[in-house]
Amino acid sequence: MKGVFSAPGDFVHFKSQVPLHKIPIGTKQWRYYDFGPKVVPPLICLPGTAGTAEVYYKQIMALSMKGNAHYFSKVQDALIADEFVTKLWIQLKIVLCYRRKLVGYRVISVDIPRVWNHHEWIQAFEKFLDAIDVHHIHLYGTSLGGFLAQLFAQHRPRRVRSLVLSNTFLDTHSFAAAMPWAPIVSWTPSFLLKRYVLTGIHDGPHEPFIADSVDFVVCQVETLSREDLASRLTLTADSASVGNLLLSDSHITIMDTNDYCATPQQLKDQLSERYSGARQAYMKTGGDFPFLSRPDEVNLHLQLHLRRVGVEAQPDLVRGISRDGSGGDPSESNDRKEDSDNPPQDDEGNFESPSTESQLPAPESSEPHSLNELPLSTAKCCFAGQGDAVILLPFPLLREQITVSEILLQLTLVTLVPHLVGWFTNAHDVNCSRINANYESYKKSSRILRIIRGKDE
């Protein structure tokens with residue numbers, strides 16, 4: 001399978017944009033992706049037995065505003081055709097995008113760690129939330145992940161604000177009965193465990209999108225170690241059931257597929273009967289992994305759920321540098337000093353683990369001497385027009401009291417005028433040397449360009 005399957009292009013783009021975090025908490029190693037505005041209570045995605053943190057990459061890219069980073073590259077590609085415009089782009093660090101792409105949700109996708117019973121899972125997951133400085137959460141779980149999400153909501157009701165359950169169940173007694181060799185699962189060879197997990201996936205001809213989702217998950221199963229698989233199968237076969245939740249049914253969404261999945265229909269019906277007041281979101285097709293095969297439908301249901309429980313998409317504001325030289329929100333230091341009985345509201349703090357794979361460079365004490373050296377964190381946000389565009393400008397330009405309209409005018413002139421002049425010349429056979437001369441004179445006398453070149457006194 002490894003030799004046949006190649007990662008899809010959007011997954012390659014995801015890996016290049018979103019860092020993978022690895023942090024040890026006690027004896028547990030956590031792998032997770034955390035992307036999106038930190039001011040939003042996160043949607044935490046829990047995979048099933050065959051899943052990893054990577055299987056929710058389509059949800060991360062779609063629900064997080066940074067998932068639209070490819071738009072910025074398209075804008076830059078359109079501008080680099082003109083050398084002068086390229087310099088303007090670099091110097092001003094301009095980012096133009098539509099308002100609908102300025103806001104998003106915080107999405108965290110985690111791997112289920114090596115835990116061997118449900119009580120250990122609850123304790124480990126709570127420590128993980130404390131480590132990343134998150135208090136209130138919204139959980140989205142599929143299959144085994146949905147069962148674990150319900151258990152955590154039962155035993156830690158103050159932390160869970162809502163649930164999205166997909167192709168999951170209320171108890172594991174039927175799985176325990178179907179797996180009599182569960183007591184020796186920890187000694188079972190890896191290839192047998194993988195074979196057992198993969199036999200639960202529907203075998204047969206699939207439509208292309210469902211077939212691709214199966215191939216992707218099979219590839220992820222190949223990355224799991226024997227201990228990981230044994231731990232997940234132990235959680236599935238350990239007889240347990242979900243008790244009554246303090247969470248209202250109005251804060252629960254059940255999202256199932258109607259074609260086929262590894263979870264028996266009887267178990268899914270029991271879930272629907274338990275949460276009779278929950279919102280029902282059924283998809284006609286999608287197979288075992290609708291988050292991969294039907295990402296648009298899943299993302300739409302997730303957005304509707306979050307809005308229904310009062311979570312709105314927010315902009316990922318650029319963090320400034322405080323006077324003491326530390327990055328982040330100036331109120332972050334105060335949040336750290338808050339008592340544990342009064343946690344920060346809706347996870348406004350930003351946790352940067354020293355064990356993560358990507359670290360932000362420490363801010364230097366000396367100030368940059370040119371606009372080229374200005375970091376993006378020193379930029380200020382300005383809205384233009386009716387709010388459908390935003391421009392990030394280095395602070396020295398704002399000190400010169402340059403308006404956003406003037407910036408847009410400069411961009412329009414330096415990008416459109418040369419093309420219009422060329423078209424007009426070719427179409428009407430007109431000598432436009434004087435127009436070109438006036439245009440070059442304007443570029444030299446422009447107040448903005450003089451500031452950029454350091455010639456404005």
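Reader: Let's start with salt bridges. How many are there in this model?

Author: The general idea comes first: when charged atoms of opposite sign come close, their side chains can pair. In this predicted model, the count of salt bridges comes to twelve.

Reader: Which residue does Asp 228 meet in a salt bridge?

Author: Its partner is Arg 114, with an N to O distance of 2.8 Å. This pair links distant parts of the chain, 114 residues apart: Asp 228 belongs to helix α10 (residues 226-237), while Arg 114 sits in the loop between β5 (107-110) and α5 (118-131).

Reader: Are those two residues buried or partly exposed?

Author: One of each. Asp 228 has a relative accessible area of 18%, so it is buried; the cut-off for that class is under 20%. Arg 114, with 41%, is partly exposed.

Reader: What about Arg 159, which residue does it form a salt bridge with?

Author: With Glu 126, where the closest N and O atoms are 3.8 Å apart. Here too the pair links distant parts of the chain: Arg 159 is in the loop between α6 and β7, Glu 126 is in helix α5, and 33 residues separate them. Arg 159 counts as buried, at 7% relative accessibility. Both residues also belong to a network of salt bridges that includes Asp 130 and Arg 156.

Reader: And how far apart are the closest N and O atoms of Arg 226 and Glu 227?

Author: In that salt bridge they are 3.4 Å apart. Arg 226 is partly exposed, with a relative accessible area of 29%, and Glu 227 is partly exposed with 29% as well.

Reader: Let's move to the interior. How should I read a nonpolar core?

Author: As a general tendency, nonpolar side chains in soluble globular proteins are buried together. In this structure the largest nonpolar core has 47 residues, and Phe 14, Tyr 140, Met 255, Phe 291 and Leu 302 have the most contacts inside it. Helix α9 (residues 208-222) gives the most to this core, with five residues. Apart from it lies another core of 43 residues, including Ile 108, Val 134, Ile 137 and Leu 144.

Reader: Which residues are in contact with Leu 302, leaving aside its neighbours within four places in sequence?

Author: They are Leu 43, Gln 59, Leu 63, Tyr 140, Val 164 and Met 255.

Reader: Now a helix. Why do the buried residues of α11 line one face?

Author: In an α-helix there are 3.6 residues a turn, so residues three or four places apart point the same way. In α11 (residues 265-274), the buried residues are Leu 267, Lys 268, Leu 271 and Ser 272. Seen down the helix axis they fall within an arc of 145 degrees, so they line one face of α11. Gln 266 and Glu 273, on the other side, are exposed.

Reader: What do the buried residues of α11 pack against?

Author: Against two helices and three strands: α6 (144-155), α7 (173-177), β7 (160-166), β8 (252-257) and β9 (279-283). Leu 165 lies in one of these strands, β7, and is buried with a relative accessible area of 0%. Among its contacts beyond four places in sequence are Leu 271, Tyr 275 and Met 255. Asp 256 is another contact; its C-alpha atom is 8.0 Å from that of Leu 165, although their positions lie 91 residues apart along the chain.Reader: How do strands β1 and β2 run?

Author: In general, the side chains of a regular strand alternate between the two faces of the sheet. Here, β1 (residues 20-25) and β2 (residues 28-35) run antiparallel and are joined by six bridges. His 21 has Tyr 32 of β2 as its bridge partner. In their hairpin, with two residues between the strands, Gly 26 takes a positive phi near 65 degrees.

Reader: One last feature, charged residues in loops. Is Glu 54 buried or exposed?

Author: Glu 54, in the loop between β3 (43-46) and α2 (57-63), counts as buried at 6% relative accessibility. Its side chain joins that of Tyr 33 in a polar contact of 2.8 Å. Arg 294, in the loop between α12 (290-293) and α13 (295-308), is buried as well, with a relative accessible area of 12%. A polar contact of 2.7 Å joins its side chain to that of Thr 285.

How values were computed:
Residues numbered from 1 in each chain as written. Predicted model: local features only at pLDDT ≥ 70, side-chain atom pairs only at ≥ 80, totals over all residues. Heavy atoms only, no water. Core = buried A, V, L, I, M, F, W, Y, C linked by side-chain atoms within 4.5 Å. Buried < 20%, exposed > 50% of the residue type's maximum accessible area, 1.4 Å probe, protein only. Helix = DSSP H or I, 4+ residues; strand = E, 2+ residues; numbered from the N terminus. Contact = heavy atoms within 4.5 Å. Pairing = 2+ DSSP bridges. Arc of directions from axis to C-beta. Polar contact = N/O pair within 3.5 Å; in protein donor to acceptor, adjacent residues only side chain to side chain. Salt bridge = Lys/Arg side-chain N within 4 Å of Asp/Glu carboxyl O.
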